Protein chains: 4
Amino acid sequence: MNLSLKQAQAAVQAAIEKSNELGLKMNIALVDAGANLTAFARMDGAWLGSVDIAMKKARTARYFDMNTGQIGELSQPGGSLFNIEHSNGGLITFPGGIPIKGADGEVIGAIGVSGSTVENDHTVAQAGVDAANQ
Amino acid sequence: MNLSLKQAQAAVQAAIEKSNELGLKMNIALVDAGANLTAFARMDGAWLGSVDIAMKKARTARYFDMNTGQIGELSQPGGSLFNIEHSNGGLITFPGGIPIKGADGEVIGAIGVSGSTVENDHTVAQAGVDAANQ
Amino acid sequence: MNLSLKQAQAAVQAAIEKSNELGLKMNIALVDAGANLTAFARMDGAWLGSVDIAMKKARTARYFDMNTGQIGELSQPGGSLFNIEHSNGGLITFPGGIPIKGADGEVIGAIGVSGSTVENDHTVAQAGVDAANQ
Amino acid sequence: MNLSLKQAQAAVQAAIEKSNELGLKMNIALVDAGANLTAFARMDGAWLGSVDIAMKKARTARYFDMNTGQIGELSQPGGSLFNIEHSNGGLITFPGGIPIKGADGEVIGAIGVSGSTVENDHTVAQAGVDAANQ
């Protein structure tokens with residue numbers, strides 16, 4: 001199974017709605033099971049630097065099938081994955097990237113959101129995940 | 001003036017509809033006036049290698065405010081812009097990238113489409129441009 | 001609105017004058033609203049390694065519409081943006097990059113200065129910002 | 001001997017004046033004897049893709065101490081330097097890059113201009129060289 005464009009676009013729209021609800025301007029990226037970009041949107045006035053970060057969060061979440069923030073806990077100085085960010089052309093390991101699972105529990109893609117605090121990024125990303133699964 | 005997300009998403013949807021009409025599977029990328037990614041969609045089953053090409057076509061069209069195919073005519077062996085593709089982290093200079101102009105005729109962004117013949121890529125890109133301007 | 005070359009060159013000259021006043025040798029870079037380079041100067045004898053740092057500071061400040069030093073406070077080990085520097089082809093997150101706002105308060109570009117202590121870099125960058133706004 | 005910032009800025013200004021005289025919008029880059037960026041200006045509305053090309057032309061001219069167009073004649077299919085553009089992170093080998101010599105005939109830097117036809121790029125670059133040498 002693989003994330004469809006229909007699911008990805010539903011995730012983008014849900015993330016935009018959640019952002020508007022919270023008064024935020026976000027970059028939203030979706031990758032499929034192969035970690036390849038499937039859909040992307042930058043809300044008007046959202047940070048330009050978050051284009052790349054949203055994509056890297058989505059890829060990072062799919063690369064390791066876990067929330068980006070979990071990897072970040074392991075990549076700190078002294079941690080078991082210290083500086084893993086140097087791999088894969090650059091990872092982003094703070095919150096805002098979440099894997100998306102299919103009906104059978106297998107990971108079929110991921111979302112990455114960037115443009116606010118990492119807490120807000122994660123909240124908006126979760127709204128996207130919920131919409132993709134409907 | 002700058003391409004808005006609303007315009008970019010209208011272009012994406014029009015390009016998808018045109019692709020469906022023609023039986024094609026496309027990657028569609030939109031950049032704004034600063035050549036920064038604004039919206040992207042990969043249709044289910046579209047070439048993975050066209051993710052990057054669609055983005056590079058959109059950037060190339062905005063970088064030089066002309067259709068990518070026009071640059072390609074000048075970048076052939078013996079042409080005045082031979083091997084210009086080595087600049088800017090990689091350009092794509094065959095058809096499928098088109099600048100988008102605002103009401104005052106100024107370039108406000110560009111679209112890049114990749115996934116079929118360059119003729120089809122250009123046709124689908126033009127459908128996107130038309131929708132962005134409505 | 002967008003930073004003009006006239007504004008960018010005024011910022012460069014003010015930064016050079018401030019550097020001379022303080023006995024410093026600086027690299028000074030200006031980017032516009034799209035984070036694209038608009039003007040640059042390296043004072044005679046200034047660090048060669050600061051060419052890239054000045055540009056990255058300017059881009060970083062525009063990418064996130066805040067002083068580079070503010071991002072650096074959040075990107076420390078344990079901080080919410082740890083290792084954000086791996087995005088966007090490399091960010092610089094210590095002081096010396098400052099966004100430039102237009103008359104309406106919107107960010108229209110940014111300056112990045114590198115060549116001395118981060119305190120001096122910031123002081124010289126601020127002189128550039130002040131000149132751009134006159 | 002090395003190109004000074006004073007010389008580089010004189011070249012930039014002369015190139016801007018020549019561009020205005022010809023009704024062109026140019027990107028102008030100067031590198032010193034070490035092929036490191038010394039000064040840069042993008043005229044309002046000049047092609048964004050020419051930022052990188054102007055810099056690469058200047059570096060290419062200094063890397064080989066000849067006009068970029070001369071290298072381009074040798075880098076054609078079947079030529080002795082075919083695809084030399086793949087080196088050094090990307091070269092640009094069509095006209096618009098010219099070495100700058102000091103009083104003793106030694107190369108002290110180079111200029112690169114991009115934004116119009118290669119003939120116009122070369123004309124404007126020559127105006128910059130003339131000003132640097134005064």
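**Two sheets, two pockets**

User: What makes strand 1 and strand 4 of chain A a pair?

Analyst: Two strands pair if DSSP finds at least two bridges between them. Strand 1 (residues 27-32) and strand 4 (residues 107-114) of chain A share 6 bridges, in the antiparallel sense. Therefore they count as a pair. In one of these bridges, I28(A) has V113(A) of strand 4 as its partner. Strands of a sheet pair through backbone hydrogen bonds, either parallel or antiparallel.

This is a predicted model: local features need pLDDT of at least 70, side-chain atom pairs count only at pLDDT 80 or more, and totals for chains, interfaces and linings use all residues. Residues are numbered from 1 along each chain as its sequence is written, chains are lettered from A and ligands numbered from 1 in the order in which they are written, and side-chain values use heavy atoms, without hydrogens and water.

User: What is the strand order of the sheet that holds strand 3(A) and strand 3(B)?

Analyst: The order is 3(A)-4(A)-1(A)-2(A)-2(B)-1(B)-4(B)-3(B). These 8 strands form an open sheet, and the pairing is antiparallel. Strands, like helices, are DSSP runs numbered from the N terminus (strands: E, at least two residues; helices: H or I, at least four).

User: Which are its edge strands, and what makes them edges?

Analyst: Strand 3 (97-101) of chain A and strand 3 (97-101) of chain B each pair on one side only. Neighbouring strands here are turned by 15° on average, direction ignored.

User: How do you know that helix 1 of chain A packs on the sheet?

Analyst: Contact means heavy atoms within 4.5 Å. Helix 1 (residues 5-22) of chain A touches strands 1, 2 and 4 of chain A, and strand 2 of chain B. The helix direction makes about 20° with that of strand 2 of chain A. Such angles run from 0 to 180 degrees between N-to-C directions, with axes fitted to C-alpha atoms, for helices over the stretch in contact. Helix 1 (residues 5-22) of chain B touches strand 2 of chain A and strands 1, 2 and 4 of chain B.

User: What relates chain B to chain A?

Analyst: A turn of 179° and a shift of 0.1 Å along the axis lay chain B on chain A, with an RMSD of 0.1 Å. That is the relation of a two-fold axis. In chain B, the C-alpha nearest the axis belongs to F40(B), 2.4 Å away. Copies are superposed by least squares on C-alpha atoms of residues with pLDDT of at least 70 in both.

User: How do you know which surface the copies use to meet?

Analyst: 100% of the interface residues of chain B are also interface residues in chain A, so the copies meet through the same surface.

User: What is the strand order of the sheet that holds strand 3(C) and strand 3(D)?

Analyst: The order is 3(C)-4(C)-1(C)-2(C)-2(D)-1(D)-4(D)-3(D), an open antiparallel sheet of 8 strands. Strand 3 of chain C and strand 3 of chain D are the edges. The twist averages 15° from one strand to the next. In chain D, strands 1 and 2 pair over 5 bridges, and A29(D) stands opposite F40(D).

User: What makes a space a pocket, and what is the volume of the largest pocket?

Analyst: On a 1 Å grid over the protein atoms alone, a pocket is an open set of points with protein on both sides within 12 Å along at least five of seven lines; a 1.4 Å probe is used, and lining residues have an atom within 4 Å of a point. The largest has a volume of about 1500 Å³. Volume is the space filled by probe spheres set on the points, which are joined across faces, edges and corners. Among its 48 lining residues, Y63(B), N88(B), R59(C), Y63(C) and N88(C) are closest to the centre.
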